[in-house]
Amino acid sequence: MDDATFERARALFFEGNALLQAGDWQAAEARFEASLALVPGRASTLLNLGAARVAGGRHAAALSVLEQALEVAPADLDAWSYKAAALAGLGRHAEALACHDHVLGSAPERAPNWLRRGQALQALERPAEALDAYARALTLDPTLAPAWSQRGDILRDAGRLAEAAKAYEQALAHGADPVLNGYYLAATTGRGAPPSAPVQYVEPFFDEYADTFEQHLVDALDYRAPQRLVERLAGGARHRWRSALDLGCGTGLCGPLLRPLADRLHGVDLSGRMLERARARGVYDALVQAEIGAHLAGSTERHDLVVAADVFIYIGDLDPVIAGAARVLDAGGTLAFTVEATAAAATFQLLPSLRYAHARTTCGLWVEATASTSRCWPVRPCATTRAARSRGSTRCGGAGMRRSAEPCRPPPLGEARA
Ligand SMILES: C[S@@+](CC[C@H](N)C(=O)[O-])C[C@H]1O[C@@H](n2cnc3c(N)ncnc32)[C@H](O)[C@@H]1O
């Protein structure tokens, strides 16, 4: 190889590093690939290409180059760490755990690997061991905010609310996402709940949940909210709706039940992956990815039926949503929804499960208040239908559902290297 080729490959490699550090993983990936085309098989370029692909969520492609990097440099701990990140991204948490153990076997001082080890254990439903891993991470680096936050999750799930609150406070003090961690803290202390679950919590949660949602909720937890809601709606009598809007339609479980009752059926949801599943049913005339409040405020459509099955558990203050529903409903239209009821005096309460519960009395007041408005649309609240949901847990079972306190990102290891 001539010097000019080598220098060009080197320049591309450094450009790639700068782009990766600037967060432009796509451009970085292209530079590393071009560099490898000129000088194949360099471990550092393969590693940084793997890091760029992990950053871009291209985990399978990342894994393949990281394995090549490890063939060239089997002792490279950063390559092992990124391989673990790629495996975790592919849901291969046991293998990711083994990679972290390999790293920690020779470098037990690496706090980020303890953190990722904890995340792998959490994904494998081994919370006690995950807690130990977070403790090791935090001993090495007490400023590691995600470790505090994920520690908080485990403690909250275990009902150790005071300890969980302290962990979230530490996470916040060390720069964790204030909206997300403020929400978790409020759920844990019962104080300072925001009016609704943050979008940045709901959207990734349901994107990740989409593949297992029905299997978990319907099969394992006997979820029946859509059936109960639609049964009450029909009230035994045959009624045909001109246009129905399914708020928070999710994977579209209400769709097949509403379709025979409605000339037109629309759905709205925040989660693109849940909507993909709803679309695959082929029963909705239109599906929109949007936040419910924003959608209701901006929609030019009119409906005579709006339903929300198991959605208001993510919205505490229902007044704006109900006003929004009134905006899109014809006079005499119907809004039907389920809530998780609480005996508490407050209008709504954010529970440690990260779900909102609503006071029964308030539900009754909505009926009265809305029935006496000039628009006169009856609200028929349904009682909670969530009895089977696992109490207090936000990790939805063995099907791989996990709520990370922080979105899973590649480990902050292995600075792009020269
Ligand atoms: C528990 S699922 C219920 C889905 C569906 N209604 C059913 O009964 O199967 C809740 C859905 O509400 C959506 N959601 C929650 N809050 C939302 C919001 N503020 N705007 C739009 N969608 C929301 C979630 O993305 C999720 O798909």
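These legends describe several close-up views of a predicted model.

Local features are given only at pLDDT of at least 70 and side-chain atom pairs only at pLDDT 80 or more, while totals for chains, interfaces and linings use all residues. Residue numbers start from 1 along each chain as its sequence is written.

**Overview. The chain has 19 helices and 9 strands.** Helices (H or I, at least four residues) and strands (E, at least two) are DSSP runs, numbered from the N terminus. Of the 418 residues, 47% count as buried. Buried means that 20 or more other C-beta atoms lie within 10 Å of the residue's own; exposed means 12 or fewer, and partly exposed is in between, with C-beta atoms placed from the backbone. Among contacts with a separation of 6 or more, 59% join residues 24 or more positions apart. Two residues are in contact if their C-beta atoms, placed from the backbone, lie within 7 Å.

**View 1. Helix 6 (residues 93-106) packs with helix 7 at an angle of about 155°.** Their axes are 9 Å apart. Axes are lines fitted to C-alpha atoms, for helices over the stretch in contact, and angles run from 0 to 180 degrees between N-to-C directions. The two helices are therefore roughly antiparallel. Angles under 35 degrees count as roughly parallel, over 145 as roughly antiparallel, 65 to 115 as roughly perpendicular and the rest as oblique. Helix 6 passes helix 7 in a left-handed crossing. A crossing is left-handed if the near helix is turned anticlockwise from the far one by less than a right angle, and right-handed if clockwise. Residues of helix 6 in the contact include His-93, His-100 and Leu-104; those of helix 7 include Trp-114, Arg-117 and Leu-121. By class, this contact has 8 nonpolar, 3 polar and 2 charged residues. Ala, Val, Leu, Ile, Met, Phe, Trp, Tyr, Cys and Pro count as nonpolar, Asp, Glu, Lys and Arg as charged, and the others, Gly among them, as polar.

**View 2. Helix 7 (residues 111-123) and helix 8 cross at roughly 165°.** Their axes come within 8 Å. That angle makes helix 7 roughly antiparallel to helix 8. The crossing is left-handed. Helix 7 contributes Ala-111, Trp-114, Leu-115, Arg-117, Gly-118, Leu-121 and Gln-122. Among the partners in helix 8 are Pro-127, Tyr-134, Arg-136 and Leu-140. The contact has 10 nonpolar, 2 polar and 3 charged residues.

**View 3. Two loops flank helix 8 (127-140).** Glu-125 lies in the loop between helix 7 and helix 8. Its phi is positive, about 60°, although Glu-125 is not a glycine. Most residues other than glycine have a negative phi. Glu-125 is partly exposed, with 13 other C-beta atoms within 10 Å. Asp-141 sits in the loop between helix 8 and helix 9. Asp-141 counts as partly exposed because it has 17 C-beta neighbours inside 10 Å. Its C-alpha atom is 6.3 Å from that of Ala-111, 30 residues away along the chain.

**View 4. Helix 9 (145-157) meets helix 10 (residues 161-173).** The axes come within 8 Å and cross at roughly 165°. Helix 9 is therefore roughly antiparallel to helix 10. Helix 9 passes helix 10 in a left-handed crossing. Trp-148, Arg-151 and Leu-155 are among the helix 9 residues in contact, and Glu-163, Tyr-168 and Gln-170 are among those of helix 10. The contact has 8 nonpolar, 3 polar and 3 charged residues.

**View 5. Leu-46 lies in helix 3 (residues 43-55).** Leu-46 is buried, with 26 C-beta neighbours inside 10 Å. Not counting residues up to four places away in sequence, Leu-46 touches Leu-36, Val-65, Gln-68, Ala-69 and Val-72. Leu-46 and Val-65 are 19 residues apart in sequence, and their C-alpha atoms are 5.8 Å apart.

**View 6. Leu-354 lies in the loop between strand 7 (348-350) and strand 8 (356-359).** Phi of Leu-354 is near 70°, a positive value in a residue other than glycine. Leu-354 counts as buried, with 23 C-beta neighbours inside 10 Å.

**View 7. A shell of 21 residues surrounds the ligand.** A residue is near the ligand if its C-beta atom, placed from the backbone, lies within 6 Å of it. Gly-248, Gly-250, Leu-253, Ala-309 and Tyr-314 come nearest. Helix 12 (199-209) and helix 14 (225-234) each supply at least two residues of the shell. By class, the shell has 14 nonpolar, 4 polar and 3 charged residues.
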